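Dear colleague,

Please find below the structure that I am handing over to you, followed by an account of what was found in it.

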Amino acid sequence: MNTKDNAIAKQIEERYGQYARQILESDLPLPFNGDGSAPQTSQQAETLAERLYFDSQLVDLPTPVVNASIGCGNPVAIAKLKPGANVLDLGSGGGIDCFMAAKAVGPQGYVIGVDATPSMIDLANKNKQAMGLTNVEFRLGKIEELPVASDSIDLVMSNCVIDISPDKTAVFQEAFRVLKSGGRMVIADTVILGEIPPNLKANIDMWAGAVITPLITLPELLQCIVHAHFVDIQVEALTSYGLENFEQLDAASKKTLTDGIVWKPLPLNTGLYSALIEARKP
Ligand SMILES: C[S@@+](CC[C@H](N)C(=O)[O-])C[C@H]1O[C@@H](n2cnc3c(N)ncnc32)[C@H](O)[C@@H]1O
């Protein structure tokens, strides 16, 4: 690892390690609005997972698993998982998508979650133990250098992780390497649509929690996927983060977004979105 990589690894550990420890210690959910404030009530606790997932996906999951969700989409919903499949989750966090996948692939299948933050791995293993699952494994590692064998995976998924990677080209090359021929990738990732003025972009990055690496545009992200030789690339859904309704945002969000600037309404089709994307290895 070079000095820059080391600095990024340290930032990831600081940011997500703090989140994981907060969950491990308090059983409260993680903050999801980027301002670092912790939710105060158990009602707020379920808000993010409830926003992202169908009730039927959450019904069997223990509260600590649901509370640990800090994704930005629902990749499992378009994963079309079959019993016996091998699944890999890039940046598995507290493990919510891994546990949903484990249920879908059954005892003949296997799910690996990779995460660079040791306390996220601890949190995921604690959740795994509580659920009594044996077909899920969490590995400490970077998604830019996956600790996973080549041509071994049927489905790669990821939920709100690649957007913070400083080397997206490496991530998609690695995803391609570990997939079997014909294997699929489904990801939820935060992207920019349109052109946002640089000072406003910096505030939006901060608000979205993209403090390690600035967010890129949807076309730039798709280009990285094309570059890694994926085919059948499709954007399945685009969900707005609601910046067009600035007045309806909470006070902390407004403060972050207007820090040092005067907020101007974004032009049509410009803003911050969660993109649900699928692609296939030929
Ligand atoms: C926003 S959280 C999403 C967690 C999980 N996918 C979910 O939906 O709850 C990002 C996760 O990715 C991990 N992460 C960030 N950068 C990473 C990298 N380069 N390699 C591996 N894990 C990374 C963090 O430790 C954190 O657990």
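**Ligand site**

A polar side-chain atom of glutamate 144 lies 3.1 Å from a nitrogen atom of the ligand. Please bear in mind throughout that this is a predicted model.

Two other polar approaches to the ligand may be set beside that of glutamate 144. Aspartate 115 places a polar side-chain atom 2.6 Å from an oxygen atom of the ligand. At asparagine 159 the backbone is involved: one of its polar backbone atoms is 3.1 Å from a nitrogen atom of the ligand. On its own the ligand has 600 Å² of accessible area, and the protein covers 98% of this.

The ligand is surrounded by 21 residues, of which Ile70, Gly91, Asp115, Thr117 and Ile143 come nearest. By character, the shell consists of 10 nonpolar, 8 polar and 3 charged residues.

**The sheet**

The model contains an open sheet of 7 strands with mixed pairing, in the order β3-β2-β1-β4-β5-β7-β6. Its edges are formed by β3 (136–140) and β6 (231–240), each of which pairs on one side only. From one strand to the next, the twist averages 20°.

At the β6 edge, the partner is β7 (residues 271–280); the two strands run antiparallel and are joined by 7 bridges. Within this pair, alanine 237 stands opposite leucine 276 of β7. In general, the strands of a sheet pair through backbone hydrogen bonds, in either a parallel or an antiparallel manner.

At the β3 edge, helix α7 (residues 118–131) lies across both β2 (110–115) and β3, and runs at about 170° to β3.

**A pair of helices**

Packed helices are described by the angle between their axes and the distance between the axes. For helix α9 (residues 198–207) and helix α11 (residues 251–258), the axes come within 7 Å and cross at roughly 145°.

Which residues of α9 and α11 meet? On the α9 side they are Leu200, Asn203, Ile204, Met206 and Trp207, and on the α11 side Ser253, Thr256, Leu257 and Thr258. This contact comprises 5 nonpolar and 4 polar residues, with no charged residue.

When you view the ligand site, I would suggest beginning with aspartate 115, glutamate 144 and asparagine 159, whose polar atoms are described above.

With kind regards

Terms used:
Residues numbered from 1 in each chain as written. Predicted model: local features only at pLDDT ≥ 70, side-chain atom pairs only at ≥ 80, totals over all residues. Heavy atoms only, no water. Near = heavy atom within 4 Å. Polar contact = N/O pair within 3.5 Å; in protein donor to acceptor, adjacent residues only side chain to side chain. Areas by Shrake-Rupley, 256 points an atom, 1.4 Å probe, with all protein chains shown as cover. Nonpolar A, V, L, I, M, F, W, Y, C, P; charged D, E, K, R; others polar. Pairing = 2+ DSSP bridges. Helix = DSSP H or I, 4+ residues; strand = E, 2+ residues; numbered from the N terminus. Axes fitted to C-alpha atoms, helices over the stretch in contact; angles between N-to-C directions. Contact = heavy atoms within 4.5 Å.
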